[in-house]
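Colleague: I have a model to go through with you. Can we take the labels one by one and check each against its cut-off?

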Amino acid sequence: MRWPLFGVLVAAAQFIVAAGEKKEEEINASPVAISVSVMLMGSISFQMLMFYLVNWPDRDIQRYSWQVISQTISIFCAVLLFQACNGIVEEYLIEGASEVSEVLIDIGHMFFWLIMMQIVLAITSGAVHDLIGGEAPTMEKVELNLKSWSVLFSHVAGFATINAWGSLQQTYFKGSPQSALLVVPIGFIGLQVLFAAMDSIRWKISHMDDGEEDEFEHKWDEETEEAENDVAGLSLSFLTVQALRFYISGILPNAEGIEPWEDSISHGGGQWHSLIYMGFGFFALSIGVLSSEKFMKEPSERVERVIEILNNYFTFGMSWCFFYGVRWAISSTQFTSENVNTLV
């Protein structure tokens, strides 16, 4: 049996060599095949990079890598959660409604998630354990729970805020880039009023039992303010970049930042270059905001919070500019006729 098997192997090898020597016809890969292959290779490369980073000899690199992975997973979960809830709202409440009703419903949806964020963080922080019953949790457990839930709900609330102010932008401020940009100060003032009201409610709840703020109540207030800062920075930066894209291209994307395929392929080198340059401008402003703290002697709590919001605003603005700038650059090559392939 060995010799026949050996003969088969030799024949197979000769066939492969002969086939390789033949001149094969050139095969043009389809855009879908290219997109799938890029996604596959990118996923494998990303996973290999993650394994390297989480096993890096430096413990700080390991910690920051796990933090980034955790936040990324939380953001993905937040996107899915918000899209599911927003789909239900659009199906049963917004469909067939007037423009005014749509804006009001979206703002109400934003209120819902901001309030839910307050409630969830109040429970996970242990600040209201006397009201709902149960033993006081340990501070280590509180910190872990707060970090997990605050990232998740701050991004869900952030997407809801983008949707609310974006609906306002798409309905009443779509006439020009300047008018579209007016939504940013309107949104900032609206959020500051909401945050001040919620801060007052937190203060009353924290002092309603013994007149003092314990460590759990302080942690609740601290983490909630940080989550609110993320909401403001994420939403307002997105609205700003929407107006900048409108200014550069003359086209205002929809509330989710998506353009029709015919428009997305029209952004030449000058346009996506401009958006990338604006991203570097946001980066420089972020560095400037962080550096300004060094020249302030004991800034008030309100000033510190404004600085934190501005830092988030400029950092997220840089990310949005780079993201959409790269998308414009890829779309302008027109290597595919399907928008989904460009997203991949």
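Colleague: Which residues form one aromatic cluster?

Modeller: This is a predicted model. In it, Phe 112, Trp 113, Trp 149 and Phe 153 make up one aromatic cluster. The structure holds 11 aromatic pairs.

Colleague: What makes the pair of Phe 280 and Phe 322 edge-to-face?

Modeller: The ring centres are 5.1 Å apart, and the planes meet at 65°. Pairing needs centres within 6.5 Å, and edge-to-face needs planes over 60 degrees apart. So Phe 280 and Phe 322 form an edge-to-face pair.

Colleague: Which parts does this pair tie together?

Modeller: Phe 280 lies in helix H11 and Phe 322 in helix H12, so the pair ties together parts 42 residues apart in sequence.

Colleague: Why is the pair of Trp 320 and Tyr 324 called stacked?

Modeller: Their planes are at 20°, with ring centres 6.1 Å apart. Stacked means under 30 degrees, so the label fits. Both residues lie in helix H12, 4 residues apart, about one turn of the helix. Trp 320 and Tyr 324 are both buried.

Colleague: What sits over the ring of Tyr 324?

Modeller: The charged end of Arg 245, 3.8 Å from the ring centre.

Colleague: Why does Trp 56 count as partly exposed?

Modeller: Its relative accessibility is 40%. Buried means under 20%, exposed over 50%. The value for Trp 56 falls in between, so Trp 56 is partly exposed. Trp 56 lies in the loop between H2 and helix H3.

Colleague: How do you know that the span of helix H12 agrees with its 32 residues?

Modeller: At 1.5 Å a residue, H12 should span 46 Å. Its end C-alpha atoms are 46 Å apart, so the two agree.

Notes:
Residues numbered from 1 in each chain as written. Predicted model: local features only at pLDDT ≥ 70, side-chain atom pairs only at ≥ 80, totals over all residues. Heavy atoms only, no water. Helix = DSSP H or I, 4+ residues; strand = E, 2+ residues; numbered from the N terminus. Buried < 20%, exposed > 50% of the residue type's maximum accessible area, 1.4 Å probe, protein only. Expected span 1.5 Å × (residues − 1). Phe/Tyr/Trp six-rings, centres within 6.5 Å; stacked < 30°, edge-to-face > 60°. Lys NZ or Arg CZ within 6 Å of the ring centre and 35° of its normal.
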